[in-house]
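Here are a few exercises to try with the model open in your viewer. Have a go at each task before you read its solution.

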Amino acid sequence: MKMKLSSKDIGFDVVNHVVLLLFTAICLYPFYYIFLYSISDGLAASKGLVVFWPVNADFSSYVKLLSKKDVLDAAFISASRTVIGTSVTVLCSSYLAYVLSTEDLPFKKIIYRYVIITMYVSAGLIPWYITMKSLGLKNNFLLYVLPSAIGAFYIILIKTYMEQLPKSLEESAKIDGAGVFTIFFKIILPISIPIIATVTIFSAIYQWNSWQDNLYLVNKKELSTLQFLLYNYMNSSMATGDVTRMKAMNMVANAKQVNSMTLKMTMSMVTVIPILLVYPIMQKYFIKGIMLGAVKG
Amino acid sequence: MCTSSLLLILIPKGADLVLNVNSIEKLKTRFLKPKLVLLYSIIPFIILIFVFSYVPLFGWVFSFFDYRPGMPLEKQQFVGLYNFALAFDKFSGFYNALRNTIVLNVLGLIASPLPIAFAIMLAEIKQKRLSKFIQIVTSLPNFISWILVYSVFFAFFGNEGFVNSVLGNLGLITNHINLLGDVNAAWYFQTLVGIWKTLGWNAIIYIAAMSGIDQELYSAAEVDGAGRFAKIRHITIPGILPTYIVLLLLAVSNMLSNSFEQYFVFRNQLTISKLDVLDIFIYTKGIGAGQFGFATAVGMMKSVVSIGLLMFVNKLSKWVRGDSII
């Protein structure tokens, strides 16, 4: 029986749509605006002429930025830590989760608690900082890879998933004489692709967005991440006038690099584009991950 | 086989030695059982976790010293509870950081029902593709780094940003607005920034919770003549309430923690009195000013209170809901 739509219903629908679409616009337009700014004439943009369309569109700021050594180095570091760090994290976390999901593991309960407690107990920044320094991880690429190799959250997700796999697979493999690694790589991993995909994406985005470790423990320019470089760009002073003239007048002689608003916007775009491209495609894996994680909470 | 025969010759007759062929085989089966091999294979990871998560805990001992990096612990000057007392001194900045932390978290708690409202509204959208589109776009800000969030708000509220340029051009604004440097608006502005970043994604979590509600309840309600709002009030909200309570309790247990990144990128000279939160305070005093002992002491107190809060909240949850959180 179809319900008649009252005027109250239609009113609600309209308001609902408007509010939701308004918020959606607030989430989407800023990125579009930053993009417009990056390809527009800086002066026109600062006067408010850039709203829905660029003014004097040209990609010169991109060319300029992407040919700078510090940007290329940082992009390489960020890409490297994303690929290497994610691979290490996924491999280590999924293997540990698998072992914790088997029934035979001695001391299983204690070891699992040992892993989970790390989510709730934190030593604090300073002890962590001193530990990292003592381990020789200052100015070391391994800083980006090793500490995040085992994620308690990922362990929970993967372990919950693997515990629901049919035991018969493992058992028949064991009867055939397969060892732990064979079972893991040849049998368990291939059928765990959904949860592995989720963890991979979470981890990759974490690595791409990561810069705190950079802040604390890395001062070598060549090991800077793209995000950290963006932070430096955004915090560099801005010249409201002609940059070259001010430089010539030695007004900015000792200041950090002076960047125009346009360049800052361009740098922001460069850093966010991978996420903008990847996220819509990968979004369903995030939701799956949450669903799976929500079971255990 | 040769080696074992050699061993048999070398072992003096009648000697009470354990080492012979049978024993080696027994040891092998005892220590190389598949179960134990499983255990051995994860030892590297156990060590990794120990090194990065448990070893730092030993660093809490630094809080009792006037710690200078570079010297071994024996040479450091022991100061007992001095660092802790220093925190409670009026001029240390600790109270200011504590106040900021709690205020910002409370504001966040007040804003916490918003994702629920958003999720309920989103569920009322009948067109699937539109609803998916909204979900994807609004959850996107959750996955960009805080630096990029700062870029976005800078592009909008900065001196040459959207608000000042476009709205100024349209005559909607006469004077320059400097929200990023407005100390009085700082707390509320940061709360709004937090909402912008997390609303869409948190709504998805509630949508997932809503999918766990028995659909039969809705059909039964319709038979009883319930309209849209009645259904929301009597079925949806009670259905989501458990999830909300768990998240609320977890948020309370995190009352002393803030997103370091958010307040680090947004802080500036003008707003620092309101935006200096505990995590930033620890960073500034510790790594920034080199007061390692003091910063460790503050961090230690923060961790201990947080664990206490978590245990309290856990007990509370058992009492209220009949189920614990962890």
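A nonpolar core is a set of buried Ala, Val, Leu, Ile, Met, Phe, Trp, Tyr and Cys residues joined through C-beta atoms within 7 Å. A residue is buried if 20 or more other C-beta atoms lie within 10 Å of its own, exposed if 12 or fewer, and partly exposed in between, with C-beta atoms placed from the backbone. This is a predicted model, in which local features need pLDDT of at least 70 and side-chain atom pairs count only at pLDDT 80 or more, while totals for chains, interfaces and linings use all residues. Residues are numbered from 1 along each chain as its sequence is written, and chains are lettered from A and ligands numbered from 1 in the order in which they are written.

**Exercise 1. The core**

Find which residues touch the most other members of the largest nonpolar core.

*Solution.* Start with the core itself, which has 129 residues. The best-connected members are Tyr37(A), Leu96(A), Ile155(A), Ile158(A), Ile147(B), Ala155(B) and Val298(B). Next, look at helix α4 of chain A (residues 69-101), which gives the largest share of this core, 11 residues; helices (H or I, at least four residues) and strands (E, at least two) are DSSP runs, numbered from the N terminus. Finally, zoom in on Tyr37(A): leaving out residues up to four places away in sequence, its contacts include Met261(A), Met265(A) and Ala155(B). Here, contact means that two C-beta atoms, placed from the backbone, lie within 7 Å.

**Exercise 2. Where the chains meet**

Work out how many residues of chain B are in contact with chain A, and of which class they are.

*Solution.* Count first: 71 residues of chain B meet 69 residues of chain A. Then sort the chain B side, which has 51 nonpolar, 14 polar and 6 charged residues. For this sorting, Ala, Val, Leu, Ile, Met, Phe, Trp, Tyr, Cys and Pro count as nonpolar, Asp, Glu, Lys and Arg as charged, and the others, Gly among them, as polar.

**Exercise 3. The form of chain B**

Compare the radius of gyration of chain B with that of a compact globule.

*Solution.* A compact globule of 326 residues would come near 20 Å, but chain B has 30 Å. The radius is taken over C-alpha atoms, and the globule rule is 2.2 Å times the number of residues to the power 0.38. Now add the dimensions: the C-alpha trace of chain B spans about 105 × 65 × 40 Å along its principal axes. Chain B is divided into domain 1 (1-6 + 18-46) and domain 2 (90-321), with bounds from an automatic or database domain assignment. The centres of these two domains of chain B, over C-alpha atoms, are 55 Å apart. As a last step, note that 31% of the residues of chain B count as buried.

**Exercise 4. Two backbone angles**

Decide whether Phe107(A) is buried or exposed.

*Solution.* Locate Phe107(A) in the loop between α4 and α5 (108-120) of chain A. Phe107(A) counts as exposed because it has 9 C-beta neighbours inside 10 Å. Its phi is positive, about 60°, although it is not a glycine. Most residues other than glycine have a negative phi. Asn139(A), also not a glycine, has a positive phi of about 55°; with 13 C-beta neighbours inside 10 Å, Asn139(A) counts as partly exposed.

**Exercise 5. Confidence**

Find where confidence is lowest in chain A.

*Solution.* Begin with the mean pLDDT of chain A, which is 85; pLDDT is the predictor's confidence in each residue, from 0 to 100. The lowest value belongs to helix α13 (residues 243-248) of chain A, at a mean of 48, and the highest to α4(A), at 94. Where pLDDT is low, the predicted coordinates should not be read in detail.
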